[in-house]
Amino acid sequence: MMSTAETLLEVRDLKMHFTDGGGWFRKNRRTTKAVDGISFDVHAGETLGLVGESGCGKTSTGRCITRTYKPTAGHVRYRAGDGTEVDLAALRPSQLADYRRQIRMIFQDPFSSLNPRMTARNIIAEPLRVNKVASGTELEDRVVELLRKVGLRPEHRHRFPHAFSGGERQRLVIARALSLDPRLVIADEAVSALDVSVRAQILELLVELQHNQGLTYIFISHDLSVVEYLCDRVAVMYVGRIVELGPTDEVFASPRHPYTQALLAAVPQPDPARRNILTQPPLEGEVADAANAPSGCHFHPRCPFAQEICRTESPTLRTTSDGHQVACHFAEQLRLDGLSGDDAGRTADQEVQT
Amino acid sequence: MSTETIENTSTETGADIGSTGHWKLVWRRFSRHRLAMVSGGILLFIYLVAVFAEFIAPYSATTRFADHQYTPPQVIRPVDTSDGFQLGLFADGYTVEIDETTQQRRVSTDPSQTRELGLFVKGEEYELFGLITWDRHLIGPKNADEPVFILGTDRLGRDMFSRIVHGTRVSMSIGLVGVAVSMVLGIIIGGISGYFGGAIDTAAQRLIEFIMSIPTLPLWMALAAAVPDGWGPLMTYFAITVILSMIGWTELARVVRGRFLALREEEFVEAARLDNCGTFRIMRKYMLPTFSSHIIAALTLAIPAMILAETALSFLGLGLQAPAVSWGVLLQEAQNVRSLMHAPWLLIPGIAVVVAVLTLNFVGDGLRDAADPYT
């Protein structure tokens, strides 16, 4: 059962394993553990950031919640608008229609997420029409209202997507997501494909919509500066697992996991005195393959502080003294720099004392 | 609103360009393809000929002129000077010689005689579309006793021009049904195979591979023998094309499957799924429209193949048979070397085939180029 009243979504031990290949006798079967047992809560009205490198399972997590994928295991408990609680992971496809109206998705690529053969009006009207929410003049009014809400000119509604710029297309995508008055919006890299200037506008729009409509966001991104701006809490993922979870400012100021610290260190700083890209040794090695993940802590081959225990034992996500959750054997011993730390780079006292 | 601006609000003409529908853009692009446009005109003309064959042809396809076997073609002159100066349509008369040694009758043109032709002349009665009885022909001899054969006559003294005109109808239409059946089957089976994937896809692909491995010619011969005797030649051929189209859908099915496989991963299709759109709606409104113009282009290119198949099979004696008139049947007459030596004009239906196939190919090319007007 849900922990607190304002918990909108409770993800427990969510697993999404993809099996591919196999051939005739399933000889070469490979299992990619895209999401491998993650748990987190989403509170009503907040923005939860999901960050990590490409291939760490953030998108798969989002797709498990929208049930584009059927999770291999675990629970996605959702508190619906009428107060009932339902496990989305266990629903049959025919039962999903209701929840798909309440949980909506904003896609990454505004170019491929709009049907090129439909006008802006039809794209926004489609969910209203399919779900029999509105028709006739009411439908028309709703479309105009939605276009205004996302800052598009209603007189452009008979245009096709190719006549809109990237930012305008993303506004269309947002309008489509909002058309059914959702409660939870999953934004999968919603601004990654946009120019920096347009990105700021879209982020502002998202914040404003959240404010006006009381939306809850799960914001999936690899861009830490965007996450810092938008998210109340952030979950850092690495190879299908959450390695750190906590309030954004705390995680960014004092990361507990070496991976979080490495990610933060890779954020380019506009301050020339802190050109950390040049002073900080980059993270070594490649992101581990989710189909063949390292034993123990998945991060140990790249971790500068790895010890014997990291190779054999997988750390669990535990709550540290300052309240945020981390999955590292040495979370307490390590002193890592955050984004606002005075000096970049590792100092001597970061060495593990064992 | 704090998000005050839209990036691109200045375009006055933008609203016009942006809201132009897909098919309008395709047409715009197509109309720039000169060769395809000309071919399209010719194609339209060919189909008009097919529709109004009885009216355009001076005679029916079976009218025999017993005295005019193997008559050579002749040129129609607009001016006649044999008897003063006259404007109109004129042709030479014919003389018959009998070869002393072989006793063969030879018809040749005789410049000393003149026969006059006219437009909209009275001729044999016919029923246009099986409804309107009429006796006017677009072109024909003014005097019914002095026939003129623009493209010559065949072994039985039948006018080649009339026969080619009548053959147009069968040649240009009989395979269309087959192509349509192939299209429907290809889209449905390919679509299901690509959209659902997995075991359904594997089953459909194995079926396609099996069907593709069936040799068509022996099958065609077997079918020709199996069709009931009571059916007329047209009906027989029609039945065979339909049966063959049941195995001819494989190419299109593969194309559609490939597109569907790619499209189902597209974000806008996923968005439609999350909008609670049903499978059929997704296929119809999201997936098919993105490549409908490619399908049309593929079909346009499939029609020439079917015309050539008809011609080839009729030539072999497997397709249409004699009482029916098609270009392939007409070319059957040109099979024998002796008649070819005496009457090379029997090959003229071949020119009709070439023209029809080429124009269809050019139109198909133009359509294929125009199919994606955004690039």
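Two strands pair if DSSP finds at least two bridges between them, and I keep that rule in mind for the entries on chain B.

**Entry 1, the sheet.** I note that the model is predicted. Looking through chain B, I found an open sheet in which 4 strands follow the order S1-S2-S3-S4, with antiparallel pairing. At its edges I noted strand S1 (77–80) and strand S4 (132–141) of chain B, each of which pairs on one side only. On average, neighbouring strands of this sheet are turned by 55 degrees against each other, direction ignored.

**Entry 2, S3 and S4.** I then followed strand S3 (residues 105–128) of chain B, which is joined to S4(B) by 8 bridges and runs antiparallel to that strand. Here I saw that B:Leu128 has B:Ile132 of S4(B) opposite.

**Entry 3, two helices of chain A.** I turned to helix H3 (residues 120–130) and helix H4 (residues 136–149) of chain A, whose axes lie 10 Å apart and which pack at an angle of about 120 degrees. H3(A) and H4(A) are therefore oblique to each other, and the crossing is right-handed. From H3(A), A:Arg121, A:Ile124, A:Ala125, A:Leu128 and A:Arg129 meet A:Leu139, A:Arg142, A:Val143 and A:Leu146 of H4(A). Sorted by class, this contact has 6 nonpolar and 3 charged residues, and no polar ones.

**Entry 4, between the chains.** Which elements of chain B give two or more residues to the side that touches chain A? In total, 26 residues of chain B are in contact with 37 residues of chain A, and the elements I was asking about are helix H1 (14–18) and helix H10 (267–274) of chain B. H10(B) gives the largest share, 5 residues. By class, I noted 11 nonpolar, 10 polar and 5 charged residues on this side of chain B.

Definitions and conventions:
Residues are numbered from 1 along each chain as its sequence is written. Chains are lettered from A and ligands numbered from 1 in the order in which they are written. This is a predicted model: local features need pLDDT of at least 70, side-chain atom pairs count only at pLDDT 80 or more; totals for chains, interfaces and linings use all residues. Axes are lines fitted to C-alpha atoms, for helices over the stretch in contact, and angles run from 0 to 180 degrees between N-to-C directions. Two residues are in contact if their C-beta atoms, placed from the backbone, lie within 7 Å. Ala, Val, Leu, Ile, Met, Phe, Trp, Tyr, Cys and Pro count as nonpolar, Asp, Glu, Lys and Arg as charged, and the others, Gly among them, as polar. Angles under 35 degrees count as roughly parallel, over 145 as roughly antiparallel, 65 to 115 as roughly perpendicular and the rest as oblique. A crossing is left-handed if the near helix is turned anticlockwise from the far one by less than a right angle, and right-handed if clockwise.
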